[in-house]
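Colleague: Could you walk me through this fold before I head back to the bench? I'd like to ask things as they come up.

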Amino acid sequence: MKITFKGGAREVGGSCTLVETEDARVALDYGIKIDEGVTENMQHHLDAVVITHAHLDHSGNLLTVASKKPIIIGSMATHDISMKLLRDLIKINRLKKKRFHYTKHDVSKVSDLWVTRNHIGIPGMEISLHAAGHVLGARMVKVKAQGKSVLYTGDFCTHNTEILDGVDPKTLPKELDALIMESTYGGTIRPKRQKLEESLTSKILEAMEKKGNILIPAFAFHRLQEITRKIDVAIKNKSLPRYNAYYISGLAHGINNYYNNNKSLFNKKVSDEINPFRFTKVKRLKRTEHIKEPAIVVCTSGFGHAGASRALLNQWASNEENTVIIITGFLPPNSPLVMAKEGKIINKDESIQVNATIEQISLSGHADQKELTEFVKILKPKQTFLVHGSLEQAQALSKKIKRYTEVQIPHKNEIIEI
Ligand SMILES: [Zn+2]
C-alpha cells in the first residue's frame, strides 16, 4: 500500500492523503488552504474520496473532482453541511469577482456522487467510518487493503463539549499497521474544558462591565452555533447580564436551522430541548450597520480575514473599552487576529493601533497533547504519521508518543509504503 501526503503535511490546511494499491486509488480528505482557495491539485484518476468532516480545509477542493466521478464517502451531516459550505465558497469567490468557473451545478454533481454508508467496499479495499467528535458529522476513516489496516483520524477530540460528545478511543479499531493522526495541538496542554468555559464567561463579564463592544470571531459551521448557544443560555439563566447580543452570518443561520432539525445527533441535553439552536437573547443581524452599541457580536469569518469580523475588528480595535475574544488556539500565521494580538492591524494602506483588550481562550474541538498521547497509547499502531499540525507541534507530540509507536512527520508529497 502506497501513501502520499498530498496536503496538510507539516502545516494546517489543504488536508489530503492519497492511499493507493494496485486496484484502487483513494483520497482521504480533499481540502483547500485558506490563502490559496480551490486548486486542481490532483491530475490522476480517483476511485473514491473520503471526507472526514465539512470544514473546507478537508472538503473545499471537492468542486474540482466532480468531473473525475469518484464515489465520495462521508456521513450524512458532512454531506448536508458540505453542500452549504461549497455553495457559500462559490458565492464568496464570485463576490470577489475572481475568475472562478465552478458553479452550483458542480455542487449538485458532488452531491450526486456522495454515499453515506459507514462501511463500503471498492475493488481491493474496505473503507469504514468511525466517530471522531470535533464537529457535527465528523468521522475517522479506516482503510483495509492487501492485509494492511490504516486509520486516518481527520480532526478529532476525545473530550465532550457542551453540545457534542468526544470519541472514546476504546471504541475504535485496533491492530493498525499505520495511524495517520492530526497534531494541531500536539505541543499544547489545555486546561480542562470546564475551566475554559468558566474563563470565557468571566472574560465576557469583564468586557460587559466596561460597557464596551465585544467581538467574537467564529466559524459559521459548529463554532458559531456552540458559542452563540452558550451566550444565549447564559443571558437566559442570568449568569450574564442583558446586553445587546447578535450573531451575523447568513451561512451560520442556515446551519442553525439544520442543527435544530437534526438535534438527535447532539448530546442528550441538547437533543432533549425543542429548538436548541433557536436563539432568543442573541439576535440575528444581516448587517453590522444595524448593531446597537455596546454589543456582543459573534460573527464570521473565524480568523478575521473577511466579512463582519474583519469590518468590526477594524472598527473597534482602536478603542480601549472594547474587547476581542479569540476562541481558537490555532491561528494561521499573519492572520488579522495575529496582528491584533501583536498590537497593530494593517488594513489596506491604513495602520490601526490596537487599544482594545485581546483575549484568547482555546475552546477547541481538537484533542490536545494529553488526549493525542492517550489515544496512541490505547490504539498502539505499529507506525504513526503526524499530519495537520505545524512542524513544532508535531515534533513536540512525537517526543511524547515515540515510546508507544514508530513516529514520522512526513513532508508534503512524501511517499511511503507499508
Ligand atoms: Zn476541522
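Modeller: What follows is a run of questions and answers on the overall shape, the sheets, the helix packing and one loop residue.

Colleague: Before the details, what is the radius of gyration of the protein chain?

Modeller: Keep in mind that this is a predicted model. A compact globule of 418 residues would come out near 22 Å, and the chain agrees with that. Its C-alpha atoms fill a box of roughly 65 × 50 × 45 Å along the principal axes. The radius of gyration is 21 Å.

Colleague: And how many helices and strands are there in the protein chain?

Modeller: Some context on how the chain folds back on itself: among contacts between residues at least 6 apart in sequence, 70% join residues at least 24 apart. Also, 48% of the 418 residues count as buried. As for the elements, there are 11 helices and 22 strands.

Colleague: Let's do the sheets. Which are the edge strands of the open sheet of 6 strands?

Modeller: The order there is β14-β13-β15-β12-β16-β19, with parallel pairing. An edge strand pairs on one side only, and that singles out β14 (283-284) and β19 (357-360).

Colleague: Which residue in β19 is the bridge partner of T323?

Modeller: T323 belongs to β16, where it is the bridge partner of I214; that contact is part of the parallel pairing of β12 (residues 214-217) with β16 (residues 323-326), which has 2 bridges. β16 also pairs with β19, again in the parallel sense, over 4 bridges. In β19, the partner of T323 is T357.

Colleague: Are the side chains of β16 buried or exposed?

Modeller: They alternate: T323 and I325 point one way, while V324 and I326 point the other way. V324 is also the bridge partner of L215. Whichever way they point, these four residues of β16 are all buried.

Colleague: Now the open sheet of 7 strands: what does the twist average from one strand to the next?

Modeller: That sheet runs in the order β7-β8-β9-β10-β11-β20-β21 with mixed pairing. Its edge strands are β7 and β21 (406-408). From one strand to the next, the twist averages 20°.

Colleague: Which helix packs on that sheet, touching β20 and β21?

Modeller: Look for a helix whose direction makes about 160° with that of β20 (383-387). It spans residues 391-401, and it is α11.

Colleague: The pairing is mixed, you said. Which residue in β11 stands opposite Y152?

Modeller: Here the strands run parallel: β10 (residues 148-152) and β11 (residues 178-182) are joined by 3 bridges. Opposite Y152 in β11 stands I180.

Colleague: Which residue takes a positive phi in the hairpin of β7 and β8?

Modeller: β7 (residues 119-122) and β8 (residues 125-131) run antiparallel and share 4 bridges, with H119 standing opposite S128. The hairpin has 2 residues between the strands. The one with a positive phi, near 75°, is G124.

Colleague: On to helices. Why would you call α2 roughly antiparallel to α6?

Modeller: Helix α2 (residues 76-95) and helix α6 (residues 250-261) have axes 11 Å apart. D80, I81, K84 and D88 in α2 meet L251, G254, I255 and Y258 in α6, and the crossing is right-handed. Angles over 145 degrees count as roughly antiparallel, and α2 packs against α6 at about 165°.

Colleague: How are α10 and α11 set relative to each other?

Modeller: Their axes are 10 Å apart at an angle of about 45°, and the crossing is right-handed. Q369, L372, T373 and V376 in α10 meet A396, L397, K400 and I401 in α11. With that angle, the two helices are oblique.

Colleague: Last one: does I361 count as buried, exposed or partly exposed?

Modeller: I361 is in the loop between β19 and α10 (369-379), and its contacts include L196, S199, L200, K203, I325 and I327. Buried would take 20 or more C-beta neighbours within 10 Å. I361 has 19 inside 10 Å, so it counts as partly exposed.

Key:
Residues numbered from 1 in each chain as written. Predicted model: local features only at pLDDT ≥ 70, side-chain atom pairs only at ≥ 80, totals over all residues. Pairing = 2+ DSSP bridges. Rg over C-alpha atoms; globule rule 2.2 N^0.38 Å. Buried ≥ 20, exposed ≤ 12 C-beta atoms within 10 Å, placed from the backbone. Contact = placed C-beta atoms within 7 Å. Axes fitted to C-alpha atoms, helices over the stretch in contact; angles between N-to-C directions. Left-handed = near helix turned anticlockwise from the far one by under 90°. Parallel < 35°, antiparallel > 145°, perpendicular 65-115°, else oblique. Lists of a residue's contacts leave out its neighbours within four places in sequence.
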